[in-house]
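Student: I would like to go through the terms used for this model and check each one against its definition.

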Amino acid sequence: MRSGEALELGDRYMNRQLGRIVRTLGFDRDWRHGEGAHLIDAAGERYLDLLCGYGVFAVGRNHPAVIEALELTLREHTPSLPQLGVTALPGVLAEQLVARAPARIEAMIAANSGTESVEAAIKLARATTGRPRIAHAEHAFHGLTLGSLSLNGNAEFRDGFGPLLSDCTPVPFGDLEALRSELERGDVAAFVVEPVQGKGVNLPPDGFLEGAQAACRATDTLFVCDEVQTGIGRTGRFFALEHWGLDPDMICVAKALSGGFVPIGGVLISRQVRDSVFDAMERGVRHGSTFGGGDLAAAAALATLQVMDDEGLVERSARLGERLLELTRPLVERYDIVAEVRGLGLMWAIELGAPSRGSRRVVWNVVERSQPGLAAQLITVPLFKRHRIFCQVAGHGMNVVKALPALVIEEAEIERFAAALDDVLARAARVPRALAGLTAELALGSVRARMR
Ligand SMILES: Cc1ncc(COP(=O)(O)O)c(C=O)c1O
């Protein structure tokens, strides 16, 4: 009854600044429904959703099979969360995830979000090894609670929230020598790494992840893959780590695992970790969370895994990801403001850069210096307004636009996205005029935002 009030309610009772951002960009739609790869507004217009709820709707929004599993679980009045006791649904989920994971993984610690999974990994790594330090990659994103924030490579998220954990050491993503020299000091409990970095969609250089794993093994450091974003088919394998044949000690999962309906998370762990942390009866409940391992989340996750298999979504992600790259890589040649197009499966990004020369370059550089990352909005704003395609920049102050489509996306929609990109890039390439247009639009949006 009150869905038309969503923006006003958000402004008044939740995060007013988010409302300002949304209005300034002109993204202030009155969203009413979600279906598959699309969001639908009050006027019935369909928008291709390439944000995907930050990657949770891999099987598509409101997948009927997951809804059915949730309804069935509710109707069954299941004995969820006995706490001093266990139920079957989370056990079956753990069994299925362990079966899909590499050999070293034997168990799962249940959680309710990505960040909680990373917090658990930090604690478990320290308890297993008796070492204090955690190594992580620069520009990493592992979540926003204090422990995971300590592994976060971005000042925009960290500033003002300190002191964070002191024993966390960043190394450049891809710099094996830097990592080795940290690990050789012998006090690092774990190296935590996203196989593909979410902020910027940065792919690892050849040999880095395999080398990192080997360096961890050589120094008795645990090797932890954060697959919160890359897992559950996103990169064209069930876990991204399969691309490099990795066998980590822990794998963090969350996001897409429950089909986007129920908060979920988990750390998949080796026998060594499980037996070190839960090594005696009196230590049997030393880590956990009240809602972790609930029946509803597990039922949604089991249904999601079934959908992934039934609809061949992992293979689909690989195939459509290749198609998207094939269609969009030529943009690098076509437009001098496109520096790179990259991706793995349906985790994709386009990076813009200054035009090669002339007055366009001068204008671009002036704008970049005053507002880093603004140029990326030359792509996202017209994609939304002219083409009804919803996507965003891949991180603060960077000219990288990212797409995480639902894995059920139709090939025709991938083709429409590529054509729309070509159209908005052709306009954006006329730099001064495009920037003037964008600045006017954003100014208009920000007046509307201020008038609220
Ligand atoms: C790689 C990675 N780890 C952890 C997180 C944190 O997950 P959550 O937002 O569920 O806490 C994210 C979220 O984007 C992520 O991409």
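**Helix pairs and ligand**

Tutor: Helices α16 and α17 are oblique to each other. This is a predicted model, with local features needing pLDDT of at least 70 and side-chain atom pairs pLDDT 80 or more, while totals for chains, interfaces and linings use all residues. Residues are numbered from 1 along each chain as its sequence is written, and side-chain values use heavy atoms, leaving out hydrogens and water.

Student: Why are α16 and α17 called oblique?

Tutor: The axes of α16 (residues 377-387) and α17 (residues 411-428) cross at roughly 120 degrees and come within 9 Å. Angles under 35 degrees count as roughly parallel, over 145 as roughly antiparallel, 65 to 115 as roughly perpendicular and the rest as oblique, so α16 and α17 are oblique.

Student: What makes α4 and α12 roughly antiparallel?

Tutor: The axes of α4 (residues 64-75) and α12 (residues 295-310) cross at roughly 150 degrees. That angle falls in the antiparallel class, and α4 and α12 are therefore roughly antiparallel.

Student: What makes the ligand oxygen and Lys255 a polar contact?

Tutor: A polar contact is a pair of N or O atoms within 3.5 Å; within protein, one must be able to donate a hydrogen and the other to accept it, and residues adjacent in sequence count only if both atoms are side-chain atoms. An oxygen atom of the ligand is 2.8 Å from an N or O atom in the Lys255 side chain, so the pair qualifies. A ligand nitrogen lies 2.7 Å from an N or O atom in the side chain of Asp226.

Methods:
Axes fitted to C-alpha atoms, helices over the stretch in contact; angles between N-to-C directions. Helix = DSSP H or I, 4+ residues; strand = E, 2+ residues; numbered from the N terminus.
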